[in-house]
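Q: Before the terms used for this protein are taken on trust, could each be set against the rule behind it?

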Amino acid sequence: MSITGSLLQLPPLHSLKLSSSSVTTPFLHGSTPLSLLSKPSSALTTPTLSPPSFLPPIRAMRSMRGRVVCSTNDKTVSVEVVRLAPHPKYKRRVRKKKKFQAHDPENQFKVGDIVQLEKSRPISKTKTFIAVAVPDRNSPKKSGEEGQQELGIPLESQQQPV
């Protein structure tokens, strides 16, 4: 006998046939109804848990702060947002800049103004933010002086000599 003949000694094909009397399974020859093959019922699956109602919704990237770099278009300003991100190879923080188009309904912003971008519904193909004014950082704070007058306690320099 040859090597291949001794390794491949298969029984005749008629003995491999499965008769319906010897094997009783509903899955032979596609006889199973589709209702049994459908997805499992919702009673068997675990219900999806909703977050607790006392937690606020997560709003990622709803607002950004940037500088107006172009205001020539009507009711639109171009705002450059600068962020710090680690360099992929050197791990040093580098500045990454990206320009966004923002809606300015009153055309109130000029080049160089600092604005806050609030996320909104899409206004056009490229505009999905609304520009909101941000108070200047160098503006004097008057709340400290008003707080002393509300207390009704005069300063020592403001007291009348007795």
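Q: Why is F100 called buried or exposed, whichever applies?
A: This is a predicted model, and in it F100 has a relative accessible area of 17%. Buried means under 20%, so F100 is classed as buried.

Q: What makes F129 count as buried or exposed?
A: The relative accessibility of F129 is 6%, and because the limit for buried is under 20%, F129 also falls in the buried class. Across the protein, buried residues make up 14% of the 162 residues.

Q: How many aromatic pairs does a search of the whole structure find, and what are the values for the rings of F100 and F129?
A: The search of the whole structure finds one aromatic pair. The ring centres of F100 and F129 are 5.3 Å apart, with the planes at 70°. Rings pair if their centres lie within 6.5 Å, and planes over 60 degrees apart count as edge-to-face, so this pair is edge-to-face.

Q: Which parts of the protein does the pair of F100 and F129 tie together?
A: F100 belongs to strand β3 and F129 to strand β5, so the pair ties together parts that are 29 residues apart in sequence.

Q: How do you know that strand β3 and β5 are paired, and in which sense do they run, parallel or antiparallel?
A: Strand β3 (residues 93–103) is joined to β5 by three bridges, and the two run parallel. Because pairing requires at least two bridges, the three bridges qualify them as a pair. F129 in β5 is the bridge partner of A102.

Q: What makes strand β4 and β5 a pair, and in which sense?
A: Five bridges link strand β4 (residues 114–119) with β5 in the antiparallel sense; since at least two are needed, the pairing holds for these strands. Q116 has V132 in β5 as its bridge partner.

Q: Why is V132 called buried, exposed or partly exposed, whichever applies?
A: V132, which is found in strand β5 (residues 127–133), has a relative accessible area of 34%. Buried means under 20% and exposed over 50%, with partly exposed in between, so V132 is partly exposed.

Q: Which residues make a nonpolar surface patch together with V132?
A: I123 and I130 join V132 in a nonpolar surface patch of about 180 Å². Patch residues need over 30% relative accessible area, and V132, at 34%, satisfies that cut-off.

Q: What is the secondary structure of the protein, and which pattern does it follow?
A: The protein has four helices and five strands, which follow the pattern α-α-α-β-β-β-β-β-α along the sequence.

Note on methods:
Residues are numbered from 1 along each chain as its sequence is written. This is a predicted model: local features need pLDDT of at least 70, side-chain atom pairs count only at pLDDT 80 or more; totals for chains, interfaces and linings use all residues. Side-chain values use heavy atoms; hydrogens and water are left out. Patches are made of residues with over 30% relative accessible area and no salt bridge: like charges are joined within 9 Å, nonpolar side chains (Val, Leu, Ile, Met, Phe, Trp, Tyr) within 5 Å. Accessible areas come from the Shrake-Rupley method with a 1.4 Å probe; for residues, only the protein chains shown count as cover. A salt bridge is a side-chain nitrogen of Lys or Arg within 4 Å of a carboxyl oxygen of Asp or Glu. Buried means under 20% relative accessible area, exposed over 50%, partly exposed in between (1.4 Å probe, protein chains only). Rings of Phe, Tyr and Trp (its six-membered ring) pair if their centres lie within 6.5 Å; planes under 30 degrees apart count as stacked, over 60 as edge-to-face and the rest as tilted.
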